[in-house]
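Here are my notes on the model you sent round. They are set out as numbered points, to be read alongside the coordinates.

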Amino acid sequence: MTEPSALTIEAFQRFIRDRYLATDSARGTPGTFMWFIEEVGELATALHKAAGEGGATTGGENLAEEFADVLAWLCTLANINGIDLARAVSEKYLAREGPEGTK
Ligand SMILES: [Mg+2]
């Protein structure tokens, strides 16, 4: 296991690519986007629950895990669309003074 402090966006995206690219490519962007949004929904539910709100949930209740799931599916979408996330983040947020205003 990679120590969290040593983990990079590039390494995680590569891990997701190496492990899942064939399956993810076969599913394609529309289906993968549905999975991504499902995970965003699970994150919303977990955040809601962590705030002491909301009722019963159906799985996906660990807040940290849901953040990880969203990042994993974002990497998947990037992989099947030819996007290097580390480069994209660097160019948009770290180069120059970063974006002005909202993200
Ligand atoms: Mg989840």
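**Notes on the predicted model**

1. Thr 76 is found in helix α2. This residue counts as buried, because its relative accessibility is 4% and the cut-off for buried is under 20%. Leaving out residues up to four places away in sequence, Thr 76 touches Ile 16, Asp 24, Arg 27 and Thr 32. Please keep in mind throughout that this is a predicted model.

2. Now the chain as a whole. Its secondary structure comes to three helices and zero strands, and the order from the N terminus on is α-α-α. The chain has 103 residues, of which buried residues make up 20%. Along the principal axes, the C-alpha atoms fill a box of roughly 40 × 35 × 30 Å. Of the contacts between residues at least 6 apart in sequence, 64% join residues at least 24 apart.

3. How do α1 and α2 cross? Their axes come within 5 Å, and the crossing angle is roughly 145 degrees. The crossing is left-handed. By residue type, the contact of α1 with α2 divides into 22 nonpolar, seven polar and seven charged residues. Describing the pair by these two values follows the general practice, in which two packed helices are described by the angle between their axes and the distance between the axes.

4. Which residues make up the largest nonpolar core? There are six: Phe 12, Ile 16, Ala 72, Cys 75, Ala 78 and Leu 85. Helices α1 (9-50) and α2 (63-80) each supply at least two residues of this core. The largest share, three residues, comes from α2. A second, separate core has five residues, including Phe 36, Val 70, Trp 73 and Leu 77.

5. Ile 16 deserves its own entry. Not counting residues up to four places away in sequence, Ile 16 touches Leu 21, Asp 24, Ala 72, Cys 75, Thr 76 and Asn 79. Ala 72 and Cys 75 are, like Ile 16, members of the largest nonpolar core. The contact with Thr 76 is the one listed from the other side in point 1.

6. Aromatic pairs come next. A search of the whole structure finds three. One of them is formed by Phe 12 and Phe 15 and is stacked, with 6.4 Å centre to centre and 15 degrees between the planes. Phe 12 and Phe 15 are separated by about one helical turn because they are three residues apart in helix α1. Phe 15 counts as partly exposed, because its relative accessibility is 40%. Phe 12, its partner, belongs to the largest nonpolar core.

7. What is the geometry of the pair formed by Phe 33 and Phe 36? The ring centres are 5.9 Å apart and the planes are at 45 degrees, so this pair is tilted. Both residues lie in helix α1, three residues apart, about one turn of the helix. Phe 33 counts as partly exposed, because its relative accessibility is 41%. Phe 36 counts as buried, because its relative accessibility is 13%. Phe 36 is also one of the residues of the second core.

8. His 48 is found in helix α1. Is His 48 exposed, partly exposed or buried? Its relative accessible area is 38%, so His 48 is partly exposed. Setting aside its neighbours within four places in sequence, His 48 is in contact with Glu 53 and Gly 54. Between the C-alpha atoms of His 48 and Gly 82 there are 33 Å, and the two residues are 34 apart along the chain.

9. Two residues outside the helices remain. Glu 3 sits in the segment before α1 and counts as exposed because its relative accessibility is 51%. The C-alpha atoms of Glu 3 and Asp 84 are separated by 22 Å, with these positions 81 residues apart along the chain as the sequence separation. Thr 102 lies in the segment after α3 (85-94). With a relative accessible area of 71%, Thr 102 is exposed. From C-alpha to C-alpha, Thr 102 and Arg 27 are 32 Å apart in space, and they are 75 residues apart in sequence. Arg 27 is also one of the residues touched by Thr 76.

Conventions. Residues are numbered from 1 along each chain as its sequence is written. This is a predicted model: local features need pLDDT of at least 70, side-chain atom pairs count only at pLDDT 80 or more; totals for chains, interfaces and linings use all residues. Side-chain values use heavy atoms; hydrogens and water are left out. A nonpolar core is a set of buried Ala, Val, Leu, Ile, Met, Phe, Trp, Tyr and Cys residues joined through side-chain atoms within 4.5 Å. Buried means under 20% relative accessible area, exposed over 50%, partly exposed in between (1.4 Å probe, protein chains only). Helices (H or I, at least four residues) and strands (E, at least two) are DSSP runs, numbered from the N terminus. Contact means heavy atoms within 4.5 Å. Axes are lines fitted to C-alpha atoms, for helices over the stretch in contact, and angles run from 0 to 180 degrees between N-to-C directions. A crossing is left-handed if the near helix is turned anticlockwise from the far one by less than a right angle, and right-handed if clockwise. Ala, Val, Leu, Ile, Met, Phe, Trp, Tyr, Cys and Pro count as nonpolar, Asp, Glu, Lys and Arg as charged, and the others, Gly among them, as polar. Rings of Phe, Tyr and Trp (its six-membered ring) pair if their centres lie within 6.5 Å; planes under 30 degrees apart count as stacked, over 60 as edge-to-face and the rest as tilted.
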